[in-house]
Amino acid sequence: MNRKLTLPTALLLTVPPLLWAGNAIVGRMVRDAVPPMTLNLLRWSIALVVLLPLGRAMFAPGSGVLSNWRRYSMLGLLGIGLYNSLQYLALQSSTPINVTLVASGMPVWMLLVGKLFYKAPVKPKQVAGALLSIAGVLVVLCRGDIGQLAALRLVPGDLYMILATIAWSFYSWMLMQQRDVPGLRADWAAFLLAQVGYGVLWSAALSAAEWAVKDVVIAWSWPLAAALLYVAIGPAILAMRCWGAGLQKAGPTLGSFFINLTPLFTALLSSAFLGEAPHLYHALAFGLIVGGIAVSAR
């Protein structure tokens, strides 16, 4: 259901895109200090420690965290292990603006995953919206030169981000399946902690593989420590809390429009902190993706 959008609710829904944009910026800034898989492991390990006292309900008898371990293990793999690791990996070779714009094509993958794996009905307006979103992603991938589509060569970061959005689509559809103990689902911290607990294990496995294939050196510094605290508390915990509270007040359809603020915030932050000024094709891509969301959500 959708409800009336008030100013406090709008602020709640604006905070997460701003924090997620900051996550992309920080991930780009520390790419030479810590490798992507290790960065993801450190981020969620800190988030786990912060969540432990907040999500004590997870340890209550009958919470279902152990008996339903396959579900939470998959949620942890897709939403915490794979998505965030692939995003940080994408930032090694692609800019934060491109990464967040490619991620804004999420409705396309949500539509495909829902149809193919969850038998969700597809409406003509959703197809039209998906086509607009695809057009926006293509504008990003060809860097604004449509004539180069025939000879399109994706940079690794673009491909990694596409894989990340597919993983997040499966994660989102799994979240919609009401297979949780009601008490656990109602407690945002406990529900997130259940996913993070398994997600840290997956992240540790990915980090171990990273250390096995190359010599990993972490350039420890106070700026890196501050960056780790930010990505663990801001985009990981605070954003999820505000997002959940905002969706409860505004509903999922209305709330989904706010996700597309992420590329806009990323462009502004990139210009301010990285000197990566946005181009005209970024604005065109953003308009196409937002238009796609608006058409499919009518």
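## Aromatic pairs

Ring pairs join Tyr 83, Trp 168 and Tyr 171 into a cluster. This is a predicted model, and its count of aromatic pairs comes to six. Two of the pairs are worth a walk through, and each bridges helices.

Let us begin with Tyr 72 and Phe 191. Their ring centres lie 6.5 Å apart with the planes at 80°, so the pair is edge-to-face. Tyr 72 belongs to helix α3 (residues 69-90) and Phe 191 to helix α9, so the pair ties together parts that are 119 residues apart in sequence. Both Tyr 72 and Phe 191 are buried.

Next come Tyr 118 and Trp 173. Here the ring centres are 5.5 Å apart and the planes sit at 15°, which is under the 30 degrees for stacking, so the pair is stacked. This pair also links distant parts of the chain: Tyr 118 is in helix α5 (residues 106-118), Trp 173 is in helix α7 (residues 156-176), and 55 residues separate them. How does each partner stand with respect to burial: buried or partly exposed? Tyr 118 is partly exposed, with a relative accessible area of 29%, whereas Trp 173 is buried at 15%, because buried means under 20%.

## Helix α5 and what follows

Staying with the helix that holds Tyr 118, we can look at its buried residues. In α5, Met 106, Val 108, Leu 111, Val 113 and Gly 114 are buried. After α5 comes Lys 119, and its phi is positive, near 55°.

## A buried serine in α9

Helix α9 (residues 188-213) also contains Ser 207. Is this serine buried or exposed? With a relative accessible area of 4%, Ser 207 is buried, because the cut-off for burial is under 20%.

Which residues does Ser 207 touch, leaving aside those up to four places away in sequence? The contacts of Ser 207 are Met 37, Thr 38 and Leu 41.

## A nonpolar patch on the surface

Now for the outside of the model. Val 122, Val 127, Leu 131, Ile 134 and Leu 138 make a nonpolar surface patch of about 370 Å².

One of these residues, Ile 134, is found in helix α6 (residues 124-141). Its relative accessibility is 36%, so Ile 134 counts as partly exposed. That value also fits the patch rule, because patches are made of residues with over 30% relative accessible area.

Methods. Residues are numbered from 1 along each chain as its sequence is written. This is a predicted model: local features need pLDDT of at least 70, side-chain atom pairs count only at pLDDT 80 or more; totals for chains, interfaces and linings use all residues. Side-chain values use heavy atoms; hydrogens and water are left out. Helices (H or I, at least four residues) and strands (E, at least two) are DSSP runs, numbered from the N terminus. Buried means under 20% relative accessible area, exposed over 50%, partly exposed in between (1.4 Å probe, protein chains only). Contact means heavy atoms within 4.5 Å. Rings of Phe, Tyr and Trp (its six-membered ring) pair if their centres lie within 6.5 Å; planes under 30 degrees apart count as stacked, over 60 as edge-to-face and the rest as tilted. Patches are made of residues with over 30% relative accessible area and no salt bridge: like charges are joined within 9 Å, nonpolar side chains (Val, Leu, Ile, Met, Phe, Trp, Tyr) within 5 Å. Accessible areas come from the Shrake-Rupley method with a 1.4 Å probe; for residues, only the protein chains shown count as cover. A salt bridge is a side-chain nitrogen of Lys or Arg within 4 Å of a carboxyl oxygen of Asp or Glu.
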